[in-house]
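Look through the structure below one part at a time. The text starts with a pair of strands and then moves on to other parts of the chain.

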Amino acid sequence: MNHLTKLINQFSQSDIDINHELKLLKIETVEVEGAPTVIKYDKKYLKEQTLKYSYAPVHWNKFVTEIKDLYSKIRDITNPKIKIENGSPKCFETAAPKVIKKETKKNVEDKHTLDVKKEMKKSPEDKNTLDVAVTEHRRHKKSRESTSKGVTKTKHKTKSVEEVPKKEKEREKEHKHKRTANKLVKQSSVKDSEGETKAEIKEKVKDGAHGVMNFGQPKPPNVLVYADSIITKDNVKRVLFSILNKEKYTIYDLPTSSKQTGWDKSTVIVVVCGSVPPDLTSNLIQYFLSGGKLLCLCSDLMYSVLYTFTTAEVREHELVRFSYGSWQRVKMMHHIFCYQASPAKKQFSKDSESNHSSNGSSPLAPRTPSNVELRHNDKDYNIQVQVLGTEETWQTPSLLLAKVKSSHGRAVFSQVHLEIDPDEYENDEDKYRSLLSSNEARLEILKDILSNHLDLCCDESFGKVQFTPGFFLGRYDAKMNMMSDCESISNNQLTCDKISVVFCGHNVDPGTASNIRLPVLIHSCPSNFSTLEYYETLETEDIGRLVIYVDIVTSSQHLLCKRLRHGLVVIPRQQTNGMSRSSNAWLSPMGSAAFSLQIHIPLDSNMGRSLSMIQHLVMVAVVSAIKKQGYEELNIGIKWPNDLYADSSIKIGGILVNSIIFGNLAVVNIGCGVNLSNQNPTVCINDLIERASIETNTTLKPIPYEKYFAMVFNEIEKLYQDVQLKGTDGFLDLYYKYWLHSDADVTIRTDKDESKRAKVVGIDQFGFLSVRLDDGTLTSVQPDGNSFDMMSGLIAPKKF
């Protein structure tokens with residue numbers, strides 16, 4: 001009852017998710033005999049009681065007040081910070097993790113060369129922290145039995161991990177990059193097999209500013225959005241998604257917690273709407289002054305940066321005309337406040353009114369200053385201000401550009417709602433008609449601002465996507481058996497939650513493909529996917545034998561929401577809404593290699609008893625498949641729990657795993673995306689191969705698209721079968737060979753901000769990170785549902 005009360009209390013106050021993936025939607029009382037069903041109450045209530053507890057406003061308000069009073073009393077006698085976890089330390093037994101094997105001196109020296117531990121390079125005082133929480137999971141009977149044969153006692157507390165550096169590694173990294181740069185500059189111009197010189201190859205991938213190959217710094221692909229309302233945030237994200245180049249940027253929410261730091265290192269722009277809290281205002285100003293870019297749409301952040309602007313008047317729901325560049329008299333909704341320069345300043349004297357026309361002002365509005373002096377964190381900054389657009393009636397500035405003189409910081413402040421879609425005013429006929437007539441100009445203006453003033457790459461097609469039919473590949477009899485055996489497929493149609501798949505035979509009109517309807521041709525092959533090379537490389541019995549290939553789809557994971565067939569694969573050439581852990585977006589442009597795989601795992605098997613290890617197995621298979629093709633020296637590794645990194649600093653791949661339980665069978669859907677040939681948004685595998693070819697003065701061929709998938713599926717099935725037959729020992733040897741955290745010293749930070757030193761030991765039987773504290777205590781920590789990247793330090797505990 002105590003646990004249930006805490007659960008209901010927490011659910012009433014905020015969202016709850018299960019294992020950082022499944023959101024708790026509602027709590028129902030159900031019958032426990034037979035199949036769970038909602039209880040039907042047969043009891044009849046008196047009319048007096050019915051009225052007392054009815055939904056009539058007077059009764060409902062009284063009921064709400066009583067509930068609030070009840071919960072206020074509960075809070076007075078319980079811990080105000082209720083968390084769904086054991087409040088006091090609890091000891092329990094767990095099987096010790098497989099110890100990472102010690103390597104020979106020569107192997108250690110080789111690893112120093114590869115510098116696989118470069119991510120542990122921040123000092124304890126730095127903000128590069130990994131916050132994780134200890135999980136108290138239900139263990140299987142077999143694991144409990146194994147604990148009686150000599151195990152380590154562990155103590156469970158909510159913890160976070162802060163990676164601790166080794167300065168020698170950092171110096172070695174810098175020395176290595178210098179040697180690499182010098183070597184590349186001195187490369188001879190020897191023609192390769194395709195007629196290009198090594199120098200020409202180098203020229204293709206060099207950094208234009210420095211003239212040398214630069215893979216050490218990831219390109220910043222993140223666009224962060226902050227808004228003071230959910231509706232506004234959705235509007236901003238929608239319009240940005242339609243305009244920005246989808247192969248270069250991913251749109252996220254701006255972290256607002258003070259513990260979530262480091263986001264500025266992977267961000268190209270922050271878009272701000274509405275009122276900003278003071279602590280976040282200070283961070284955004286510092287980001288701007290340090291060289292960051294801001295787009296502020298009707299935000300009070302404008303007054304915080306350009307403090308010489310004051311609120312002159314309130315313009316609630318006012319439709320105005322403004323001009324910007326070649327766009328004249330565009331009708332837009334104005335911000336509720338109208339910020340303009342204060343006439344109390346000296347530069348606003350009447351003597352200067354004759355020059356008003358030069359910067360977009362008029363005698364009706366004070367002259368906008370060309371420079372603003374700003375002091376922030378005990379440092380003075382000079383900000384240059386330029387009027388980009390003006391409102392027609394009062395000649396107040398509608399669009400302002402601010403540049404920081406001492407850095408590359410730039411901000412555009414808009415006092416008109418460029419983010420609002422006309423449909424929001426469909427109930428107001430006059431405003432809807434006016435905004436609809438200006439909608440094309442609105443998008444063009446926003447695109448022009450982003451590309452010309454904030455240096456972002458915009459999509460020329462404005463986000464228009466052309467969906468096409470997919471193809472069902474594999475042996476004919478296997479395809480027919482799947483369609484006839486799967487209960488989810490009826491009349492050649494598979495209806496999923498977000499898309500319908502229609503299997504089309506001979507002489508069947510496939511109809512129109514869209515984001516919610518995918519026709520799949522059974523008897524045809526795609527022209528841009530070599531089935532010959534794919535099946536000639538494939539050596540599996542089940543995995544990858546049946547493939548649904550599609551040129552473009554919202555997400556390949558959407559096609560596997562039902563129980564279909566063990567080993568079925570979906571390969572999308574492009575995805576418009578790729579998914580990753582914790583509902584993050586994953587860019588899937590042309591050249592990336594993404595697939596979704598469905599595996600059926602018996603729960604009483606070796607893999608079924610450690611089901612969460614499947615994510616680690618698949619990423620090990622990806623790395624192993626690449627390394628086995630003669631690319632052993634390629635500097636790629638696994639960041640716990642399931643990300644693929646190049647040079648220990650650039651994310652180039654990731655995995656998403658969802659599962660559904662059917663009796664004794666787990667249907668596991670695995671989504672995996674790797675940058676294979678796409679240079680955006682960061683770097684790709686074939687870029688790394690090209691670099692390795694130049695560094696070693698050898699000819700290493702890039703990995704073909706179709707061959708990559710077959711290689712990976714071969715390795716997945718091999719590792720999967722090995723685990724099912726022999727257990728996880730052999731797989732763990734490979735995992736530790738490729739991961740980036742061997743013997744890492746870390747700092748454990750509890751939820752009370754207490755720090756403890758520890759060392760990474762390995763992963764436990766469920767794939768959680770095992771660490772040993774200084775007092776010898778062994779404990780496990782789990783991923784926290786981070787929104788960005790451990791390497792950048794943007795990690796914080798999941799809040800329940």
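In this predicted model, strands β29 (residues 636–639) and β30 (residues 643–646) run antiparallel to each other and are paired over 4 bridges. One of the residues involved is Ile638, whose bridge partner in β30 is Leu644. The link between β29 and β30 is a hairpin of 3 residues.

A lysine makes contact with this region. Lys627 belongs to helix α16, which covers residues 614–627. Leaving out residues up to four places away in sequence, Lys627 touches Glu632, Leu634, Ile636 and Tyr738. Is Lys627 buried or exposed? Lys627 is buried, and yet it has no salt bridge. The nearest side chain of opposite charge is that of Glu632, at a distance of 5.1 Å. A salt bridge is counted within 4 Å, so the 5.1 Å between Lys627 and Glu632 does not qualify.

Next comes the nonpolar interior. The largest nonpolar core has 80 residues. Those with the most contacts inside this core are Ile571, Phe595, Ile685, Tyr708, Phe709, Phe713 and Ile716. Which helix gives the most to this core? Helix α18 (residues 705–726) does, with 11 residues. Ile716 can serve as an example of the packing. Not counting residues up to four places away in sequence, Ile716 touches Ile543, Phe595, Leu597, Ile599, Leu617, Val618 and Ala621. Apart from the largest core lies another core, of 37 residues. Its members include Val236, Val320, Val412 and Leu443.

Leu443 leads to a helix that can be checked with simple arithmetic. Helix α12 runs over residues 439–453 and so has 15 residues, which at 1.5 Å a residue should span 21 Å. The C-alpha atoms at its ends are 21 Å apart, in agreement with the expected span. α12 is also mostly covered, since 11 of its 15 residues are buried. The buried residues include nonpolar ones such as Leu443, Ile445 and Leu450, and also Arg442, Lys447 and Asp448. After α12 comes Asp455, which has a positive phi near 60 degrees.

Helix α9 (residues 278–289) can be examined in the same way. From its first C-alpha to its last, α9 reaches 17 Å, close to the 16 Å expected for its 12 residues at 1.5 Å a residue. Leu280, Thr281, Leu284, Ile285, Tyr287, Phe288 and Leu289 are buried in α9. Just after this helix, Gly291 takes a positive phi of about 115 degrees.

Another lysine, Lys233, lies in helix α8 (residues 230–243). Its relative accessible area is 22%. Buried means under 20%, so Lys233 is counted as partly exposed. Leaving aside neighbours within four places in sequence, Lys233 is in contact with Val225, Ala227 and Asp253. Lys233 and Gly274 are 41 residues apart in sequence, while their C-alpha atoms are 9.8 Å apart in space.

Finally, consider the protein as a whole. Its secondary structure comes to 19 helices and 36 strands. Of its 800 residues, 50% are buried. Among contacts with a separation of 6 or more, 66% are between residues 24 or more positions apart.

Technical notes: Residues numbered from 1 in each chain as written. Predicted model: local features only at pLDDT ≥ 70, side-chain atom pairs only at ≥ 80, totals over all residues. Heavy atoms only, no water. Pairing = 2+ DSSP bridges. Helix = DSSP H or I, 4+ residues; strand = E, 2+ residues; numbered from the N terminus. Buried < 20%, exposed > 50% of the residue type's maximum accessible area, 1.4 Å probe, protein only. Lys, Arg positive; Asp, Glu negative; His and termini not counted. Contact = heavy atoms within 4.5 Å. Core = buried A, V, L, I, M, F, W, Y, C linked by side-chain atoms within 4.5 Å. Expected span 1.5 Å × (residues − 1).
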